[in-house]
Amino acid sequence: MTAFLQPEHEELRAVVRDFAQKEIAPHASQWDRDHHFPVDVVHKMGELGLFGLTAPEAYGGGEGDLVALCVAIEELGRVDQSIGITLEAAVGLGINPILTYGTDEQKERWLPDLVAGRKLAGFGLTEPGAGSDAGATATKAVLDGDEWVVDGSKQFITNSGSSITSVVTVTARTGTRENGKPEISTIMIPSGTPGFTAEKAYDKLGWHASDTHPLSFDGARVPADHLLGERGRGYAQFLATLDDGRVAIAALAVGCIQACLDMALEYAGERQTFGGPIGRKQGVAFQIADLEVMLRASRLLTYEAAAMKSGLDSGAVTMKEFKQAAAAAKLYATESAVTATRIATQIFGGYGFMEEYPVARFYRDAKILEIGEGTSEVQRMLIARGLGLPVE
């Protein structure tokens, strides 16, 4: 598929593709209509080992890499973007912070169930007044004896209010630095904690089968040892977590583009006008050719960035290089996905506007790809800064 994929990655692709076709494709449209979060499918994904692709064997993982995770996300996203983002958020935003910054005790408590897909974890960064400006976090945590008391709110949090959500990791102000800037730390808040409420699920434009809630904290108390990582390093920890997440979102976008190409090709070969298939018309064929180019470019950017993550440990790749690659992959792949859904819908004509065809669902699902894990504007800013420009 690409130079960055090994035989074991292609074997994984075949397994996940078969699973997606059998367990997800027949139900995706109904789940979308019903806004149904399929917990049973999440458990099956866990049994398949998808949540443990990047986790150590000690916690039930497969000792894989970011490339393997991207392969799985792409194949799920090719069938249903909602299920793709469920895996992406569960691993990249739920498991990854605990695996990277957690103590041995925290890992032993939370990771086995998360890696097995028995439970899910959320990642609480965004707030009503703190989106791209994540440093403006207003949620506060005060240390009262041997407990943190958390007050505030988060919004747009994936996997945060399902029946199998076990914990949400949130950023909160835990003090003020000497320079007057807030000290931001990361705290783990288990589901069921008094004062922690997952509010009513959002009525979203797309991703109807994923679990997304606003969260509120009203005097929520958790033990002091629920601090994740070093106090005052929460903002940096979350930014580092987002680098991996951006590559994973790019993989979800690749799956979306692949789906659009598949649907457009099939329809262009079947739909008859003026005595022949519409695919013989340059106006249609050239647009499908554009989809192929966007797919190839997006896939290469995504898997190059994913492969670079492995190079960080050996020193073959610098963090600056990885961040630049992740932002570039996220920007190009997600904007291409939005364009791809527009092209595919146009090729379907009036049928593309009807919910009986999956292309309409992909059209609705695509837009959030340009927003989540850092907007396109943020990615352009990061790329420009990486080039040495003092952009604000």
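This briefing describes an annotated domain, a charged surface patch and several salt bridges in one protein chain. The structure is a predicted model. A search of the whole structure finds 23 salt bridges, and three of these pairs are presented below, together with a network of linked partners.

**Annotated domain**
- According to UniProt, in an unreviewed entry, residues 123–219 carry the feature "domain: Acyl-CoA oxidase/dehydrogenase middle".
- The secondary structure over residues 123–219 is 53% strand and 0% helix.
- The C-alpha atoms at the two ends of this stretch lie 19 Å apart.

**Negative surface patch**
- Five residues, D104, E105, E108, D146 and D225, form a negative patch on the surface.
- One of them, E108, belongs to helix α6, which covers residues 104–115.
- E108 counts as exposed because its relative accessibility is 55%, and the cut-off for this class is over 50%.

**A salt bridge between distant parts of the chain**
- R17 and E75 form a salt bridge in which the closest N and O atoms are 2.9 Å apart.
- This pair links distant parts of the chain, as R17 lies in helix α1 (residues 7–24) and E75 in helix α4 (residues 66–79), with their positions 58 residues apart.
- The relative accessible area of E75 is 1%, so E75 is buried.
- R17, by contrast, has 32% relative accessibility and therefore counts as partly exposed.

**Salt bridges within one helix**
- In helix α1, K22 and D18 are 4 residues apart, which means that about one helical turn separates them.
- The closest N and O atoms of the K22 and D18 salt bridge are 3.3 Å apart.
- K22 counts as exposed at 56% relative accessibility, whereas D18 counts as partly exposed at 38%.
- A second pair, E292 and R296, lies in helix α8 (residues 282–314), where the two residues are also 4 residues apart, about one turn of the helix.
- The side chains of E292 and R296 meet in a salt bridge with an N to O distance of 2.7 Å.
- E292 is partly exposed, with a relative accessible area of 28%, while R296 counts as exposed at 55% relative accessibility.

**A network of salt bridges**
- Salt bridges that share partners join E10, R13, R17, E74, E75, R78, D262 and R299 into one network.
- Among the members of this network are R17 and E75, the pair described above with a closest N and O distance of 2.9 Å.

Conventions
Residues are numbered from 1 along each chain as its sequence is written. This is a predicted model: local features need pLDDT of at least 70, side-chain atom pairs count only at pLDDT 80 or more; totals for chains, interfaces and linings use all residues. Side-chain values use heavy atoms; hydrogens and water are left out. UniProt positions are given in the numbering used here, feature names are shortened, and annotations may be inferred rather than shown by experiment. Patches are made of residues with over 30% relative accessible area and no salt bridge: like charges are joined within 9 Å, nonpolar side chains (Val, Leu, Ile, Met, Phe, Trp, Tyr) within 5 Å. Accessible areas come from the Shrake-Rupley method with a 1.4 Å probe; for residues, only the protein chains shown count as cover. A salt bridge is a side-chain nitrogen of Lys or Arg within 4 Å of a carboxyl oxygen of Asp or Glu. Lys and Arg count as positive and Asp and Glu as negative; His and the chain ends are not counted. The place of a charge is taken as NZ of Lys, CZ of Arg, CG of Asp or CD of Glu. Buried means under 20% relative accessible area, exposed over 50%, partly exposed in between (1.4 Å probe, protein chains only).
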